[in-house]
Amino acid sequence: MQLNHKIKLSMATIAILGSTNLSASSEDYVRINYMQYDESNNGVKVQAPAIEVNKNFGVDYTLNASLVSDSVSGATKVYTDTTSGASAFSSRTTVADTNNIQKTDVEFDEQRTALNANLTQRLKNRDEIKYGFNFSYESDYKAIGLNAGYLHWMDKSKNRSLNVGLSYASNTILNRHDSVSGASKEETATNLGLEVGFTQIIDISSLVSVSLFYNNESGYLTNPYYNVVRNTNEITVESRPNSRIASGFNINYTKAITNNLTSKIKYKYYTDDWDIDSHTIDINNYYEINDKFTLGFGYRYYTQSQANFYNESSTYFTDEQYASSDDRLSSFDSSTIKTSLDYKYNKKISYNISFNKYSQSTGLDAVYSNIGFKYKF
Amino acid sequence: MIKYLLVISTLFIFSGCIKEVKPWQKSTHAKDTMQDGGLDKLTSAFEEHIYFSKEATKAGNGISGGGCGCN
């Protein structure tokens, strides 16, 4: 359940942000994927079958919709009183012998369903307006989001475009252990995102795009499944600020190096008022072996600084207003090695598989993979 | 601030290399491998979801570009 909560929040926001991507596909197709994520050492496992439909209505409208139903299971580590078994699921536990406070695995199992739909409308001057909706539901979390985007072509040949996207989401979280009463309580949080992007075709084989983004989260941003130790012997729910303002930028460069080799390079800078700064370099390459097979290979490097209210120690926190020992808020770096193979069976049908390895300096190791099928109609 | 100057610098650097590309010269830009998200946008979204779940960066995966104008 603990990680589960993160996934709920993340999937909702990804749906929102992902759906603000402009430039819809001109193909009509159905894609079915079966995606998996597995952490080593009995960690989190995710199985996520998904379907995506892209349908054009004339030349002015494109509808894209996707449905994901994922099951999340496994275990994650939280502070526990090893004698009583009490953990974050208790509102507050005082432990007589501090030697009995240890991080132990707590198992969870959850199911989630998410729907994402976008309609792109092309105007007479071929500028594009995108309208998006997304919804995510599970037993203790639901999210509803709306987004809109506008893409303006700045020249006749459509070599240069400016785009703006806005997203809003409302999330409801079931806090099973309110810190005051100990009872379950529904909490809410909202997310407002804004991006402004510029894309320029450089020549017949390359393009560059840059974007600036701003994000404002407010409300209940604490993870109710994570805990901290205060005064060396009290296990209690972590506490995060109820506001988070972030900004940053992306730079993307895409180049067809040869007729059959394409390289995409992305750099992203992110900063927020929790003192987290991050840098991401993501390189993806596609090599078309022949008319049937395309090989994908890539590498991603990520590094971040820690939040100003994070500490991993069980003897650090006393009466601080904000406190978290969630290691995703720590200072670490990560790397991903990515591979994929796409096979075009004929003009309408293609298959693809991918296998990727993700490693963090925190000790987290995981693999994620996909088997997919695409039918153009 | 210096970092944001990097964005502006990028535009200036590439502005010297820009050649006008006519619509009939965009066959390379129209290829799936050139598109944002690559050959499989569902898997790309799943990948972003993993990073979002396991890392603290919570924004910036949105409107990265307007594409090539091939549609």
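In the predicted model, helix H2 of chain B, covering residues 41-54, has the length expected of its residue count: at 1.5 Å a residue, its 14 residues should span 20 Å, and the end C-alpha atoms are 20 Å apart, so the two values agree. The secondary structure of chain B comprises two helices and zero strands.

H2(B) is mostly covered, with 10 of its 14 residues buried. Near the start of the list stand Leu42(B) and Thr43(B), followed by Ala45(B), Phe46(B) and Glu47(B), then His49(B) and Ile50(B), and lastly Phe52(B), Ser53(B) and Lys54(B). An α-helix has 3.6 residues a turn, so residues three or four places apart point the same way. For chain B as a whole, buried residues account for 49% of the 71 residues.

In chain A, strands E1 (residues 29-39) and E2 (residues 45-57) run antiparallel and are joined by 10 bridges. Within this pairing, Ile32(A) is placed opposite Ile51(A) of E2(A). The two strands, E1(A) and E2(A), form a hairpin with five residues between them, and Asn41(A) in the turn adopts a positive phi of about 55 degrees.

E2(A) is also paired with strand E3 of chain A (residues 61-81), again in an antiparallel arrangement, through 11 bridges. Here Val46(A) lies opposite Val72(A) in E3(A). A hairpin is formed by E2(A) and E3(A) as well, with three residues between the strands; Gly58(A), located in the turn, has a positive phi of about 65 degrees. In a regular strand the side chains alternate between the two faces of the sheet.

Positive phi values also occur in two further loops of chain A, at Arg126(A) and at Lys158(A). Most residues other than glycine have a negative phi. Arg126(A), which is not a glycine, has a phi near 70 degrees and is situated in the loop between strand E5 (101-122) and strand E6 (128-138) of chain A. This residue is classed as partly exposed because 14 other C-beta atoms lie within 10 Å, a count between the limits of 12 or fewer for exposed and 20 or more for buried residues.

Lys158(A), likewise a residue other than glycine, shows a positive phi of about 55 degrees. Its position is in the loop between strand E7 (141-153) and strand E8 (160-175) of chain A. With 21 other C-beta atoms within 10 Å, Lys158(A) is therefore buried.

How values were computed:
Residues are numbered from 1 along each chain as its sequence is written. Chains are lettered from A and ligands numbered from 1 in the order in which they are written. This is a predicted model: local features need pLDDT of at least 70, side-chain atom pairs count only at pLDDT 80 or more; totals for chains, interfaces and linings use all residues. Helices (H or I, at least four residues) and strands (E, at least two) are DSSP runs, numbered from the N terminus. The expected span of a helix is 1.5 Å times one less than its number of residues. Two strands pair if DSSP finds at least two bridges between them.
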